[in-house]
Amino acid sequence: MIIEALIAFTFAAALFTFAVPNKYAGKTAFALSLVPIAGSLYMWSAFESGGNALTGGEIAFETVIPWLEIAGIQVQWFVGVDGISLPLVVLTTFLATLSIVSAWTPIDDRQSQFYGLMLFMEANLLGVFTALDFFLWFIFWEAVLVPMYFLIGVWGGPRRKYAAIKFFVYTNIASLAMFIGFMALVFGLGPSTFGLPEITQALANDQLGAWFGLAPETLKLIAFLALFVGFAVKVPVVPVHTWLPDAHVEAPTPVSIMLAGVLLKMGTYALLRFNFTMLPDQASLLAIPIAIVAVVSVIYGAMLALAQTDLKRIVAYSSVSSMGYVILGLIAFTEFGVGGATFQMVAHGLISGLMFMSVGVIYNATHTRIVSDMSGMADRMPVAVGILVAGAFAYMGLPLMAGFAGEFFIFAGSFDSTLLPYAPIFTALAMFGIVIVAGYLLLAMQRTLFGPFRLETDYEITPAPMHEIAPMAVLLLAIIALGVAPEVFLEMIFDAVGPILDNGGGL
Amino acid sequence: MSAVSVTNAVAAAPLQIVLPEWTAIAPVLILALTGLLLLTIDAIWPGRNGNTTFAIVSALGSLTALAVTVWYLVSGTGQVGGSITLFSEAIVVDGMALFFTAIFTSVAALVVVASHDYLAGHENAASYYSLLMFATLGMALMAVSNSLATVFVSLEMASLPSYALVGFLKKNRGSVESSLKYFLIGALSSAVFAFGISLVYAVTGSLLLSEVAAGFDDGVAGFAGVAGIGVLMIAGGFAYKTASVPFHFWAPEAYEGAPAPISAFLSSASKAAGFVVAFRVFSTSFMPLLDATPAIDWALAFAVLAVVTMVLGNFAAATQENVKRMLAYSSIGHAGYALIGLAALTAGGPHNGDVMGAAMAHLLIYGFMNTGAFLFIAMVEYWGVGRTFEDYAGLSTKAPFASLAMAVFMFSLAGLPVFGGFFSKYALFASAVSAGFWWLAAVGAITSALSLYYYSRVVKALWIEQPNGNLDVIDSKPTGLYAAVIFAAVATVLLLPGFPIALETAEAAASALFA
């Protein structure tokens, strides 16, 4: 019941905020968004891990209500969480609230609509991470795109129209490919419901028949490719990443936080749930190409970041790089690889959220993000810059911070992979990405933050206000907490990841 | 011939109220009485500007008809224990008739409420509302027609008021011109339709749909050519009424020139009316022809028409600069989707009921989302903002809730999985795939992916573009128009969770025809 209540409350909060006068919308949205946090924390505290939701493990907070039947297959309202989705639910509620607070300064037009859309998006994100029926999941998945399209298109920067359309077209075409691929699989399987556990277990039991003359193995391969392409756009990986920098640069800061922090995780979450849990044999068949995609994303994303002059573009491209690690962890198909990848989803959500927030705070004060325009910001905004530096070190993988834990587990897992041929070589190449990350982050920080202060403005740059610092501080604390005690999430993640590995052809 | 039975489900022991059999057509009678009442009021108090009175009377009339229809649908009138036939089988009341009457009366109610603002200050309000009621009456009669004679008469009854309504803005050249075009093409297609009926009569010797079917059952050897041409001509008549290729070209003209609430009415209700007779005539009378020797494969003809209509409607819509014209072409595209309901039928096919039911459910949801979209345009016309995509720029800054509703309509028409339009398209395509017509589904899926392009242009103009200074004319909030648009949007959203009810009702009604 708690999941329905959370989603319904967030939808209602979105509608309510839409009708609140602009002046009060920010504070109202903040107050209302505390309720989902409380709900997700309650779920976390009451959660007892019991395996993977798809492979027959215990599903926490489960609800199944039949909805409608189309062409003989039942669509259901089927929600629940396991050790993989719960951390992402918690991440979503936290980042949504923090990004709402970070919007108080930059969003000065049509606030009620902005905050209404943010809450609407949060409700749908909660749906994406909890839905266990394909149709229900697909509805939430697509429903996330609509508010994002408006948030970029209405409140974005100068090239917002181009960025919004590009985002919308890219992700919708990807969704269509993914939908058709999965439906081919479902029609071949002929299950009684669209429930993901049922489909997963039927696939594991080799119940897939031929469909329109396509042999089961071909059908699986087509479905795997269609799903992989569909999700890869969302992640994104090279070469389908080009929408991301445009969307990030044009999006206002709070939207970038949600985009990098949560929306990208939809892609890796779906890859884990669909491609790697349902079709592990196909994953092992395509292990080398997928690992190449992952490593190229790591290295090429980092090189692109190195070449940027806009702080936000640097962070945006480094997301492509970080998501490459997650793909590498997934394809390794070891406990530490897949578990580390899942942990890294949460860690990267927090760290990239912090980085975008810091860049946003500097931009609020300076109205520029170009590296060469500014110098010595540490003199004027000591606290904000201090947190930014800490966030950058988290990004580089400083021990005792969340980024280190995630990346360490991924590398440990992928090094030992038996499924992936030449695993040590791929791992070594990906690790080289960390050096480039350190390079571009240190370079950018040295130029903008330190040295003598130089920035031509006709007003005084003052330290950031409290409501801009507070969400950054909260995020930093969360990053350190997860780095010191990763087991708060790791235990449940490993619990949920284990059955995938037993199920799969990897080990 | 069971009597109308109403079961009270609350009581433990079912309470049976047996109404006389003729009350089964109560929705039709209520619409007729409403129209007459409007004329009476106007005759007793002539010259009085009774826009509000007339709007209230017509709204109450269509809502009462809707309420009775829904009550009959829920209580199983004409469904449990077989259909009810009246007047020597010329009239039939069954699930399909009631389902479509519900669409017509809902659309009529929305259009009436919206017209109140649109007609403010106009002289001939009484004739407008009574014509609207008589057109709805004609459609409701189309839904219950069980003989080719009643089909033809009711089709004309629905068409004649429509011609007048399209040309209602007498001093507007566009309105008069489009009315004339609509009338001329209508007259032509009526002639073709009547000729087709006479050919079918010549072969089978009857006009009653069941006896036509029996006549065809006996074989058409020797008359196959006459029967084939007759069926083809009748199909042509339906193509006109549903605005499908090849008789579609009146639609953009008529919808663009007509008062926008009338465009909403024609593109939603009138289209659905064309489909209800097409569904009934082809599934009841012409099914035997599919496996007769020699077979007259009209389903193949509809498959070709469906593909051409989907492609042409969607591609033409993508090239428009005028929003109303874009919607007109999009409504042609949607006629193509609904045609799948006829195209995917096979002789004795186990999926016939599913396919036609899905098409019916699509027409129901389409009734709300398309009516809402045209009513939004009516609101923009009411403000006098302009007609092209550029004129719509930045409307959301002035009218956020109406623009939100329009975004809902556009995304739902495009089939984005967030609103009702997604499930109905999915049900249609999935049932076509189960029936073996995967290529129809493929064309449908591709064209609806394309449609997102032109629908999202509207959303982009409303929300993302900056206002270009022409929005200062917006100085009032038309209550009726707002209410109708918002209500249609709420219905479009609620039909996502509520879709099973629509689909199951439609599938049951359609399956009854193939039983």
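This passage walks through the chain B fold, the contact between chains A and B, and the core of a predicted model. Residues are numbered from 1 along each chain as its sequence is written, and chains are lettered from A in the order in which they are written. Because the model is predicted, local features need pLDDT of at least 70 and side-chain atom pairs count only at pLDDT 80 or more, while totals for chains, interfaces and linings use all residues.

A good place to start is chain B, which has 19 helices and four strands (DSSP runs numbered from the N terminus, with H or I over at least four residues for helices and E over at least two for strands). The radius of gyration of chain B, taken over C-alpha atoms, is 22 Å, close to the 24 Å from the globule rule for 515 residues, so chain B is as compact as a globular protein of that length. That rule is 2.2 Å times the number of residues to the power 0.38. Of the 515 residues, 62% count as buried, meaning that 20 or more other C-beta atoms, placed from the backbone, lie within 10 Å of a residue's own.

Turning to the meeting of the two chains, the contact takes 19 residues from chain A and 21 residues from chain B; two residues are in contact if their C-beta atoms, placed from the backbone, lie within 7 Å. On the chain A side, β1 (60-70), α5 (134-155) and α6 (160-189) each give two or more residues, and α5(A) provides the largest share, eight residues. Helix α5(A) is mostly covered, with 22 of its 22 residues buried. Its end C-alpha atoms are 32 Å apart, which agrees with the 32 Å that its 22 residues should span at 1.5 Å a residue (the expected span being 1.5 Å times one less than the number of residues).

Strand β1(A) also has a partner within its own chain: eight bridges join β1(A) to β2 (residues 73-81) of chain A, and the two run antiparallel. Strands pair if DSSP finds at least two bridges between them. Along this pairing, A:A60 is bridged to A:V81 and A:I65 to A:W77. Two residues lie between the strands of the hairpin, where A:A71 takes a positive phi near 50°.

Finally, there is the core. In the largest nonpolar core, of 419 residues, A:I331, B:I340 and B:L375 touch the most other members. Such a core is a set of buried Ala, Val, Leu, Ile, Met, Phe, Trp, Tyr and Cys residues joined through C-beta atoms within 7 Å. Helix α14 (residues 352-383) of chain B gives the most, 21 residues.

How values were computed: Buried ≥ 20, exposed ≤ 12 C-beta atoms within 10 Å, placed from the backbone.
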